Amino acid sequence: MARKDLKRMEGERIGVLIIVRYAGEKRWWVRCDCGNERAVDGADLRRRDYSMCRHPEGVELRFWSHVVKTESCWVWVAGLKEDGYGSFRANEKSVIAHRWYWERINGPVEDGMELDHLCRNPACVRPDHLEPVTHQENVLRGNMRSVVIARGFAV
Ligand SMILES: [Zn+2]
Ligand SMILES: [Zn+2]
């Protein structure tokens with residue numbers, strides 16, 4: 001590759017990466033949208049999919065890019081599962097969005113416990129709208145609320 005072509009690559013964007021400069025020996029110094037910088041093989045740059053940031057510290061950045069904060073709920077606006085919960089990929093596995101963030105703030109949910117949405121909005125990821133409860137309690141709360149709603153409609 002001619003020197004001129006190498007220069008032209010600087011500043012070019014490939015997915016979440018920006019090429020900063022040629023690093024020598026067919027490697028390029030790149031900066032990810034999360035702020036991470038490193039050298040990458042030119043061949044890898046052409047071959048690999050850099051549409052998403054895969055740096056561990058970049059996961060939070062990606063999380064927030066999928067959230068819209070309203071006055072009450074923080075709503076997940078990317079992929080939703082059938083049950084209405086948000087999901088995304090973190091550390092190479094699929095995770096439930098609201099649980100992932102709650103655990104980032106509060107530590108792991110205890111064994112046998114589930115996170116109940118106090119706001120009744122399954123797409124909400126706001127930690128203070130969630131409460132760890134037992135499965136029985138979660139079911140009971142869900143049932144009680146649907147009974148209340150059903151009665152409300154009947155009146
Ligand atoms: Zn990154
Ligand atoms: Zn909420």
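This tour moves from the whole chain to the zinc site and then to a loop with unusual backbone angles.

**The whole chain**

The model is a predicted one. Begin with the chain in cartoon representation, where the secondary structure amounts to five helices and ten strands. Switching to a surface display shows an accessible area of about 10,200 Å², with carbon and sulfur atoms contributing 52% of that area. Of the 155 residues in the chain, 31% are buried. If contacts are displayed and restricted to a sequence separation of 6 or more, 33% of them join residues 24 or more positions apart.

**The zinc site**

Next, select the zinc ion (ligand 2) together with its protein donors. Which residues supply the donor atoms? They are Cys 73, Cys 119 and Cys 124, each through SG, and His 129 through ND1. The distances from these donors to the zinc ion run from 2.1 to 2.4 Å.

Display the angles at the metal between the donor atoms. They span 104 to 114°. Four donors count as tetrahedral if all angles lie between 85 and 135 degrees, and the arrangement around the zinc ion (ligand 2) is therefore tetrahedral.

Now follow the donor residues along the sequence, where their spacing reads C-x45-C-x4-C-x4-H. Cys 119 and His 129 both belong to the loop between strand 9 (113-117) and strand 10 (130-134), so this pair ties together parts that lie ten residues apart in sequence.

With these two residues still selected, colour by relative accessible area. Is Cys 119 buried or partly exposed? At 26%, Cys 119 is partly exposed. His 129, in contrast, has a relative accessibility of 15% and counts as buried, because the cut-off for burial is under 20%.

**The loop between strand 2 and strand 3**

Leave the metal site and select Glu 25 and Lys 26. Glu 25 sits in the loop between strand 2 (17-24) and strand 3 (27-32), and Lys 26 is likewise found in the loop between strand 2 and strand 3.

Inspect the backbone torsions here. What is the sign of phi at Glu 25? The value is positive, near 50°, in a residue other than glycine. Lys 26 is also not a glycine, yet its phi is positive at about 60°.

Finally, return to the surface display for these two side chains. Glu 25 is exposed, with a relative accessible area of 73%. Lys 26 has a relative accessibility of 68% and also counts as exposed.

Note on methods:
Residues are numbered from 1 along each chain as its sequence is written. Chains are lettered from A and ligands numbered from 1 in the order in which they are written. This is a predicted model: local features need pLDDT of at least 70, side-chain atom pairs count only at pLDDT 80 or more; totals for chains, interfaces and linings use all residues. Side-chain values use heavy atoms; hydrogens and water are left out. Donors are N, O and S atoms within 2.8 Å of the metal (3.2 Å for Na, K and Ca); water is not among the atoms, so sites may look incomplete. Four donors count as tetrahedral if all angles lie between 85 and 135 degrees; four count as square planar and six as octahedral if opposite donors are over 155 degrees apart and all others between 65 and 115; anything else is irregular. Helices (H or I, at least four residues) and strands (E, at least two) are DSSP runs, numbered from the N terminus. Buried means under 20% relative accessible area, exposed over 50%, partly exposed in between (1.4 Å probe, protein chains only). Contact means heavy atoms within 4.5 Å. Accessible areas come from the Shrake-Rupley method with a 1.4 Å probe; for residues, only the protein chains shown count as cover.
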